[in-house]
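Here's a quick tour of one strand, its neighbours and a bit of empty space. Have the model open while you read.

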Amino acid sequence: QQVEASLISIDASLPNFTDVDNLPFTTFDFNTLLDVFNKNEIKDNLQKVEVHFEIDNTFNRDFDFVFDFLDANDNITYTIFLNLDKTTQTTFDQVIEGTDLQNLKNSRKINVHISVVNATTIDNTPNAFIDFKSSATLFF
């Protein structure tokens, strides 16, 4: 049996990468709760997780995305790293099983860290955006 669920979606344009003074910044962090592993039935029967990413980056900049899965004490249980090349569409799948899956099952939230690579500012390409979607398929 398998179940698919949405994880994180981001649709960001240049205004999303500016501070209150309208100055661009090159890093962005946020946390989101992950409650799927709060249920013992899921933790006890889960055999494998496949995480799927679809990203459309129209900025003229490369980005690094780091997804740190954290336990209740903010310790990292699992990390997924993605490099997004400028002006590309990217798909990426990560299969998690074995010891990595056992560690992942202790996760309670995800910290997402996005940074511009090899640039001091984000570019100002008109109408540029990042459209990011992720999902997970849980196998029992």
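In β5, which residue is the bridge partner of F63? That would be L84. Keep in mind that this is a predicted model, so treat what follows as a reading of the prediction.

**Strand β4 and its partners**

F63 pairs with L84 as part of a wider match-up: β4 and β5 run antiparallel and are joined by eight bridges. The two strands form a hairpin with five residues between them, and there D74 takes a positive phi near 65°. Strand β7 also pairs with β4, again antiparallel, through nine bridges. If you want a spot to look at on that side, D68 stands opposite N111 in β7. Here's the pairing laid out:

| Partner of β4 (residues 62–70) | Residues | Bridges | Direction |
|---|---|---|---|
| β5 | 76–84 | eight | antiparallel |
| β7 | 109–117 | nine | antiparallel |

How much of β4 is covered? Mostly all of it: eight of its nine residues are buried.

**The cavity**

Now for the empty space. The count comes to one cavity of 30 Å³ or more, and the volume of the largest cavity is about 30 Å³. Its lining is made up of L7, I8, V51, F53, F67, F69, I110 and S134. Strands β1 (2–13), β3 (48–57) and β4 each give two or more residues to that lining. By class, seven of the lining residues are nonpolar and one is polar, with no charged residues.

On a general note, side chains in a regular strand alternate between the two faces of the sheet.

Conventions. Residues numbered from 1 in each chain as written. Predicted model: local features only at pLDDT ≥ 70, side-chain atom pairs only at ≥ 80, totals over all residues. Heavy atoms only, no water. Buried < 20%, exposed > 50% of the residue type's maximum accessible area, 1.4 Å probe, protein only. Helix = DSSP H or I, 4+ residues; strand = E, 2+ residues; numbered from the N terminus. Pairing = 2+ DSSP bridges. 1 Å grid on protein atoms, 1.4 Å probe; cavity = no way out; pocket = protein on both sides within 12 Å on 5 of 7 lines; lining within 4 Å. Points joined across faces, edges and corners; volume = space filled by probe spheres on them. Nonpolar A, V, L, I, M, F, W, Y, C, P; charged D, E, K, R; others polar.
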